[in-house]
Amino acid sequence: MNQTRSRIIRFLLRNGPSTCGQISRGLSASPSATRRHLGLLRDAGLVQHSSTRFSASAEQVRLHAAALEASFHVMPH
């Protein structure tokens, strides 16, 4: 996963629902880049968006990670 998107998820899990501005300030990132990453995370189902705040659920992140892991087939050596 992209480092900025990982930082956004960790920020939301640690700080709870936050605005795009709060997230960008907390990560010292530009609001436009933060907004773009939040959109990608929302589309992937990792971040939820209410009227003004974004949030992340540890359970949703775990489910997404498990589904991603299951999609990889490791071939024995």
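In what order do the elements of the protein chain run from the N terminus on? Colour by secondary structure and follow the chain: the order is α-α-α-β-β-α. The model you have open is predicted.

**Whole chain**

Start with everything shown. The count is 4 helices and 2 strands. Along the principal axes, the C-alpha atoms fill a box of roughly 45 × 20 × 20 Å. Switch on the surface. Its accessible area is about 5200 Å², and carbon and sulfur atoms hold 55% of that. Of the 77 residues, 26% are buried. Now consider contacts with a separation of 6 or more: 47% of them join residues 24 or more positions apart.

**Stop 1: H1 against H2**

Select residues 3-15, which form helix H1. Add H2, residues 20-27. The axes of H1 and H2 lie 10 Å apart, at an angle of about 110 degrees. That angle falls within the 65 to 115 range, so H1 is roughly perpendicular to H2. The crossing is right-handed.

Show side chains next. On the H1 side, pick Arg-7, Ile-8, Phe-11 and Leu-12. They meet Gln-22, Ile-23, Gly-26 and Leu-27 of H2. By class, this contact has 5 nonpolar, 2 polar and 1 charged residues.

**Stop 2: H2 against H3**

Keep H2 and add H3, residues 31-43. How close do the axes of H2 and H3 come? They come within 9 Å and cross at roughly 115 degrees. H2 and H3 are therefore roughly perpendicular to each other. This crossing, too, is right-handed.

Select Cys-20, Ile-23 and Ser-24 in H2. Across from them, select Pro-31, Thr-34, Arg-35 and Leu-38 in H3. The contact of H2 with H3 has 4 nonpolar, 2 polar and 1 charged residues. Pause on Ile-23: this H2 residue takes part in the contact with H1 and also in the contact with H3.

**Stop 3: His-37**

Stay on H3 and centre on His-37. Is His-37 buried or exposed? His-37 is buried, because its relative accessibility is 6% and the cut-off for buried is under 20%.

What is His-37 in contact with, leaving aside its neighbours within four places in sequence? Select Asn-2, Thr-4, Arg-5 and Ile-8. Ile-8 is already familiar from Stop 1, where this H1 residue is among those that meet H2. Leave Ile-8 and His-37 on screen together: here a residue of H1 is in contact with His-37, which lies in H3.

Key. Residues are numbered from 1 along each chain as its sequence is written. This is a predicted model: local features need pLDDT of at least 70, side-chain atom pairs count only at pLDDT 80 or more; totals for chains, interfaces and linings use all residues. Side-chain values use heavy atoms; hydrogens and water are left out. Buried means under 20% relative accessible area, exposed over 50%, partly exposed in between (1.4 Å probe, protein chains only). Contact means heavy atoms within 4.5 Å. Accessible areas come from the Shrake-Rupley method with a 1.4 Å probe; for residues, only the protein chains shown count as cover. Axes are lines fitted to C-alpha atoms, for helices over the stretch in contact, and angles run from 0 to 180 degrees between N-to-C directions. Angles under 35 degrees count as roughly parallel, over 145 as roughly antiparallel, 65 to 115 as roughly perpendicular and the rest as oblique. A crossing is left-handed if the near helix is turned anticlockwise from the far one by less than a right angle, and right-handed if clockwise. Ala, Val, Leu, Ile, Met, Phe, Trp, Tyr, Cys and Pro count as nonpolar, Asp, Glu, Lys and Arg as charged, and the others, Gly among them, as polar.
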